[in-house]
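Visitor: I'd like to walk through the charged pairs in this one. Could you show me the model before we start?

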Amino acid sequence: MEAGEGKERVPKQRQVLIFFVLLGIAQASSQPRHYSVAEETESGSFVANLLKDLGLEVRELAVRGARVVSKGKKMHLQFDRQTGDLLLNEKLDREELCGPTEPCVLPFQVLLENPLQFFQAELRIRDINDHPPVFLDKEILLKIPESITPGTTFLLERAQDLDVGTNSLQNYTISPNFHFHLNLQDSPGGIILPQLVLDRALDREEQPEIRLTLTALDGGTPPKSGTALVRIEVVDINDNVPEFTKLLYEVQVPEDSPVGSQVTTVSARDLDIGTNGEISYAFSQASEDIRKTFRLSAKSGELLLRQKLDFESIQTYTVNIQATDGGGLSGTCVVFVQVMDLNDNPPELTMSTLTNQIPENLQDTIIAVFSVSDPDSGDNGRMVCSIQDDLPFFLKPSVENFYTLVLSTALDRETRSEYNVTITVTDLGTPRLKTEHNITVLVSDVNDNAPAFTQTSYTLFVRENNSPALHIGSVSATDRDSGTNAQVTYSLLPPQDPQLPLASLVAINADNGHLFALRSLDYEALQAFEFRVGATDRGSPALSSEALVRVLVLDANDNSPFVLYPLHNGSAPCTELVPRAAEPGYLVTKVVAVDGDSGQNAWLSFQLLKATEPGLFGVWAHNGEVRTARLLSERDAAKHRLVVLVKDNGEPPRSATATLHVLLVDGFSQPYLPLPEAAPAQAQADSLTVYLVVALASVSSLFLFSVLLFVAVRLCRRSRAASVGRCSVPEGPFPGHLVDVSGTGTLSQSYQYEVCLSGGSGTNEFKFLKPIIPNFLAQGAERVSEANPSFRNSFEFS
């Protein structure tokens with residue numbers, strides 16, 4: 001009952017899941033929430049409580065499967081499902097994450113899995129004053145000719161501060177002196193540039209070198225500072241300043257350029273001669289990144305790569321180069337280096353949720369939730385996500401490059417139990433790069449297949465007189481399901497015929513379907529029977545099927561022929577009367593026998609075993625008719641005793657014998673025998689002969705009447721039709737199943753016979769072995785005609 005209710009709940013749960021997925025996608029497109037934290041905050045620190053923003057209670061967090069996901073594989077935040085608190089997963093360094101970019105924002109999503117919903121949010125990292133200003137060159141050398149007029153300005157090397165905002169570099173100071181003061185100039189990029197302004201003319205002979213301390217201050221509380229030594233060498237007059245051929249050099253460099261490759265070459269000239277015309281090149285106002293990335297040849301002005309470029313880290317470089325002649329005069333130019341993006345980053349796939357095993361009767365089920373990213377730009381960063389075409393799954397795009405892998409149709413485990421899904425993410429760059437992620441989805445079994453028999457019906461053969469518990473055959477059924485759903489149990493189903501004692505005939509092994517005969521079978525009592533066998537699996541709910549089993553009992557030669565006539569257990573022998581004038585082939589009598597078996601086991605043959613006078617009589621082998629073999633003569637004895645052997649055709653054959661007494665008479669009108677020795681006393685012997693004939697006839701009649709009554713009673717008990725006339729039923733042993741008299745003189749089981757003496761108004765006729773109930777069996781037994789007239793006449797008296 002619970003399993004049935006579970007099946008009814010599946011469609012409802014699926015509808016609710018689809019509703020929440022659509023609701024989650026709609027909510028995911030809203031504006032993200034903003035949170036902030038100061039950099040260098042300890043790991044595990046509290047950021048915010050998301051319960052109110054998510055609109056959830058604490059108990060719903062674990063049920064909905066809430067967790068934090070972000071772009072890339074590094075997780076900076078963690079989510080406490082017990083309290084709804086958003087915590088730091090590690091110390092955050094704003095300068096490492098964002099560099100000079102301000103504000104420093106890390107986007108993230110809160111993923112609710114059940115049902116699917118995205119919550120967009122951003123974490124802003126606030127800067128703290130953790131970096132002091134730093135001069136890359138601890139000593140700044142200026143060579144100033146003594147002829148320089150007061151008011152001339154000299155640009156000094158600026159300090160570097162990794163902090164941003166008010167914590168960044170804010171001011172410069174210089175140590176007090178009589179010749180110079182400091183002037184601060186704002187550049188278009190918001191950078192403060194220190195300039196040294198000459199207040200008083202220099203005299204190399206008076207003071208050849210001046211040393212000043214330049215201090216850089218940031219705006220932190222308390223402020224941090226850094227210092228550099230400014231060393232001024234007073235040189236002789238040099239009236240020509242080096243001039244670059246171009247003030248701005250613009251170059252594009254592929255990001256895969258090898259280390260040591262040339263970026264560009266700057267060139268300057270000086271009209272002076274000698275040392276005043278010798279030019280050397282150096283970086284001016286160069287950041288640490290520029291000094292790490294490029295190398296400048298002081299003599300040739302060749303700008304070379306010192307390390308590999310990475311477009312995803314830095315896209316452009318602005319390099320200031322100063323050309324200084326031997327007299328200390330200098331000129332500057334700018335080299336603008338633009339890094340050209342190459343498709344050198346394959347797409348990345350991050351799996352958020354994965355279900356590896358699903359039941360075979362579900363559909364519209366979310367298998368996986370994942371996101372894709374590519375750090376390249378332009379077409380190099382645009383991606384296409386796909387799976388194989390021949391799978392019952394489809395990809396559904398969501399927000400922020402999130403995808404869901406959804407089952408499109410219900411699966412059939414018996415057709416396919418495992419699917420290998422390859423998710424391919426390809427960018428649109430040249431050449432195209434791709435990433436493949438393999439997922440194995442296993443289909444769990446549901447009991448949706450009933451056991452199937454290998455045959456719809458089985459026919460088994462068993463020979464009668466078998467031993468009890470004999471294995472007579474097997475049935476077999478298979479189930480396409482797996483596990484307990486495929487374990488088959490066999491059983492016997494109630495028979496359709498309530499009279500069939502199936503429980504005492506056959507048993508079945510519940511595990512393997514073997515059938516056993518419980519008792520010895522008798523073909524003469526039961527020739528065939530059929531029953532149904534059921535096969536049931538062990539699933540929930542269990543499924544079953546059935547097959548028909550037909551058992552045919554094979555006959556064995558276990559019954560000897562039984563002689564119906566002449567009856568061997570009569571009180572007086574039956575004498576057959578034969579006139580001496582009979583022609584050869586005259587029908588004396590017919591031996592009638594039956595066999596309880598069937599087929600060739602019931603085919604009877606007759607043979608004359610013994611005879612008082614061999615050659616006088618013969619027996620037809622197929623029908624048991626006893627006929628004269630030649631003409632009778634006066635010399636033939638009056639009394640003859642014949643022994644007829646009745647044998648069936650079984651293996652081994654069985655047999656029985658019948659004894660016949662034949663009396664030769666001159667004619668039926670003279671019921672006596674004239675003996676040769678009675679000739680002298682003919683008159684005296686006539687009366688004695690008459691008495692003897694009458695006595696013999698009376699005894700014979702009584703004997704035949706008793707035998708026929710006995711046979712009739714036995715047959716009338718077996719017959720289902722009403723007997724005709726009045727039958728006297730003798731008691732005594734007699735075969736229960738009598739069969740028809742065929743043309744061969746044997747009886748098959750197609751007929752039963754009535755033996756009775758009927759009285760009519762006209763004549764007293766002795767009827768022998770008259771069929772009253774035809775029975776048409778499957779063995780095709782032949783319909784039997786009544787005994788032939790000549791045979792019947794041999795038993796009639798006029």
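Guide: Happy to: a salt bridge here is a side-chain nitrogen of Lys or Arg within 4 Å of a carboxyl oxygen of Asp or Glu. Keep in mind that this is a predicted model, where local features need pLDDT of at least 70, side-chain atom pairs count only at pLDDT 80 or more, and totals for chains, interfaces and linings use all residues. Residues are numbered from 1 along each chain as its sequence is written, and side-chain values use heavy atoms, with hydrogens and water left out.

Visitor: How many salt bridges does this rule give?

Guide: Each one has to pass that N-to-O cut-off of 4 Å. Applied here, the rule gives a count of 24 salt bridges.

Visitor: Which residue does lysine 292 form a salt bridge with?

Guide: Look in helix 5 (residues 288-293; helices are DSSP runs of H or I, at least four residues, and strands are runs of E, at least two, numbered from the N terminus). Both partners lie in that helix, four residues apart, about one turn. The closest N and O atoms are 3.4 Å apart, and the partner of lysine 292 is glutamate 288.

Visitor: Is aspartate 636 buried or exposed?

Guide: Buried means under 20% relative accessible area, exposed over 50%, and partly exposed in between (1.4 Å probe, protein chains only). Its salt-bridge partner, arginine 630, sits with closest N and O atoms 3.1 Å apart, and arginine 630 is partly exposed at 29%. Aspartate 636 has a relative accessible area of 6%, so it counts as buried.
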